[in-house]
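Colleague: I should like a close look at a single part of the structure shown below. Please choose one part, follow how its pieces fit together, and then say what adjoins it.

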Amino acid sequence: MHFYAGILIGPFLLVAAISGGLYALSPQLEKAVHADLLTPSDASAAPVPLARQVAVAEKVTTVPNLVAVRPAPDGGTTRVIFDDGSFAESYRHAVFVDPSTGEVLGQSSVYGTSGALPVRSWIDELHRSLHLGDVGRYYSELAASWLWVVTLGGLAMWLGRVRRTGKKPLTGRARTRTWHGVLGLWMAAGFLALSATGLTWSTFAGENVTELREQLDWSTPSVNTAVAAAPVVTGGEHSAHGGGTPADTGAVDVTTIDAVWAAAKAAEVDSDQVEIGLPKGEGRTWTVTEVHREYPTSVDVAAVDPASLQVTDVVRFSDYPFMAKLARWGVDLHMGVMFGLVNQILLAVLAAGLVTMIVLGYRMWWQRRPTRGSRRAIAGPAPARGAWLRLPAWVIAVGVPAVFAVAWFIPLFGLPLLVFLAVDVAIGTFRRPSAPVAEKQDEPAEKEPVTTA
């Protein structure tokens with residue numbers, strides 16, 4: 001499995017690693033490219049009222065339907081967000097306002113809860129889907145579905161080799177293998193974490209993860225946005241990640257937005273970064289959501305009655321089920337935001353390490369190729385077939401059903417595995433040597449191992 005995944009899934013892992021490494025470093029690139037939108041004229045000046053900033057943005061916007069406002073964080077600018085339903089999934093339109101002067105700095109599309117601007121969202125789409133839409137997302141899910149497999153398989157092979165052979169001179173392929181193994185050993189925990197968190201975003205396995213969390217009551221609680229009191233409901237981790245349906249805000253008095261924000265602050269929903277969402281229809285509340293993702297995590301949400309301007313419900317991160325907290329932390333670590341620059345550097349190192357390991361893996365395959373006489377080949381042979389039959393009976397009895405269960409839960413692990421098995425069996429069948437008398441005299445050919453390369 002390690003061999004087949006390394007050869008055939010390796011290219012997908014390579015693309016995911018390169019694009020993921022670029023994304024890890026994209027916040028600094030974004031700040032440089034979009035400095036005109038993100039930098040106020042005087043960060044130390046007192047901001048003008050938020051309602052005034054919103055009014056200015058509404059006059060100049062090229063997209064109708066105000067849905068949310070992100071007040072300027074320390075040293076930043078205000079984002080007044082519009083969505084008329086014409087954007088791709090999770091995208092919205094933002095007007096950037098200088099909080100110190102109330103002047104509009106420009107307009108741009110923004111992506112998701114991260115608020116990524118075009119340069120960062122372009123890299124994000126490259127990493128997630130290669131800019132191929134829903135079909136392209138299968139590539140990243142395939143990579144995440146197999147990264148943990150090749151990591152655990154590599155660890156098992158490395159530990160078994162060390163126990164059997166001990167230290168040997170490092171020459172040729174042995175040196176390559178050692179570098180490959182040592183890198184994998186040091187980075188295994190990071191690879192496993194990236195695989196697990198990546199699968200939570202995936203199309204097929206992600207749905208199974210969400211369903212499992214709901215069944216075990218591990219879902220992220222949602223704030224009650226009904227004006228009349230109602231129990232808090234729960235939803236999946238990704239239930240609020242999309243752009244959603246644009247709010248019907250025709251009857252909303254936007255001039256009260258400063259009072260709404262003040263009410264949320266009084267309820268201690270007051271991190272440096274919040275998004276104030278307008279009521280999504282009649283009988284619904286404003287929502288004030290903390291979007292500050294660095295540690296300590298601050299993602300509390302408050303609902304504010306548009307008539308009384310009183311907080312009607314609050315959901316705090318401290319009240320999340322532990323597994324919901326773990327999911328939140330995992331997502332933020334995967335995105336490189338939980339620990340700021342340190343997190344970004346760690347992800348970049350993991351990406352560079354994975355790229356290096358893939359290159360070394362292909363080099364090992366090339367170094368295994370036969371080179372004597374007429375046995376020259378462009379690449380090395382596969383490991384001998386049928387090794388699983390030499391496993392203890394109890395391992396087979398337990399392992400085969402377990403593999404099928406994992407394959408069902410992670411479909412893009414299961415489907416390629418079936419393809420690998422089918423190809424292996426087919427090649428083994430067609431390349432199984434016959435035993436004519438003339439060929440029995442050919443000693444070297446007789447001892448040539450049957451391979452699937």
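Modeller: Two strands pair if DSSP finds at least two bridges between them. This is a predicted model, in which local features need pLDDT of at least 70 and side-chain atom pairs count only at pLDDT 80 or more, while totals for chains, interfaces and linings use all residues. Residues are numbered from 1 along each chain as its sequence is written, and side-chain values use heavy atoms, with hydrogens and water left out.

The chain holds 15 helices and 10 strands (DSSP runs numbered from the N terminus, H or I of at least four residues for helices and E of at least two for strands). Of its 453 residues, 42% count as buried (under 20% relative accessible area, with exposed over 50% and partly exposed in between, for a 1.4 Å probe and protein chains only).

The part I have chosen is the sheet. Eight strands form an open sheet in the order E4-E3-E2-E1-E7-E8-E9-E10, and their pairing is antiparallel. Its edges are strand E4, residues 104-111, and strand E10, residues 311-315, each of which pairs on one side only. On average, neighbouring strands of the sheet are turned by 20 degrees against each other, with direction ignored.

I begin where E1 meets E7. Strand E1 covers residues 66-70 and strand E7 residues 274-277; the two run antiparallel and are joined by two bridges. In this pairing, Val69 faces Ile276 of E7 as its opposite residue. The sheet order thereby passes from E1 to E7 and on to E8.

E7 and E8 are paired in the antiparallel sense, with four bridges between them. Gly277 has Thr287 of E8 as its bridge partner. Strand E8 spans residues 286-290, and its pairing with E9, again in the antiparallel sense, is made over four bridges. Here Thr289 stands opposite Val301 of E9. E8 is itself mostly covered, with four of its five residues buried.

Strand E9 deserves particular attention. E9 comprises residues 301-304 and is covered on both faces: Val301 and Ala303 lie on one side, Ala302 and Val304 on the other, and all of them are buried. Val301, already mentioned opposite Thr289, thus belongs to one of these covered faces. On the way towards the edge, E9 pairs with E10 in the antiparallel sense over four bridges, and Val304 has Val311 of E10 as its bridge partner.

Two connections around E9 have notable backbone geometry. In the loop between E8 and E9 one finds Pro296, and the peptide bond that leads from Tyr295 to Pro296 is cis, with omega near 0 degrees. The hairpin of E9 and E10 has six residues between its strands, and Leu309 in this hairpin takes a positive phi near 60 degrees.

I turn next to the helix that lies against the sheet. Helix H4, residues 50-60, lies across E1, strand E2 (78-82), strand E3 (91-97), E4 and E7; contact here means heavy atoms within 4.5 Å. H4 runs at about 50 degrees to E2 (axes are lines fitted to C-alpha atoms, for helices over the stretch in contact, and angles run from 0 to 180 degrees between N-to-C directions). The strands under H4 include E4, an edge strand, as well as E1 and E7, whose two bridges were described above.

The connection from H4 into the sheet holds Asn65, which lies in the loop between H4 and E1. Asn65 is not a glycine, yet it has a positive phi of about 80 degrees. Its relative accessibility is 26%, and therefore Asn65 counts as partly exposed.

One further residue, in a different loop, may be set beside Asn65. Asp217 occupies the loop between helix H8 (204-215) and strand E5 (220-221). Asp217 is likewise not a glycine, and its phi is positive at about 60 degrees. With a relative accessible area of 53%, Asp217 is exposed, whereas Asn65 is partly exposed.

To draw the description together, the sheet ends at E4 and E10. E9 is covered on both faces and is bridged to E8 and to E10. H4 lies across E1, E2, E3, E4 and E7.
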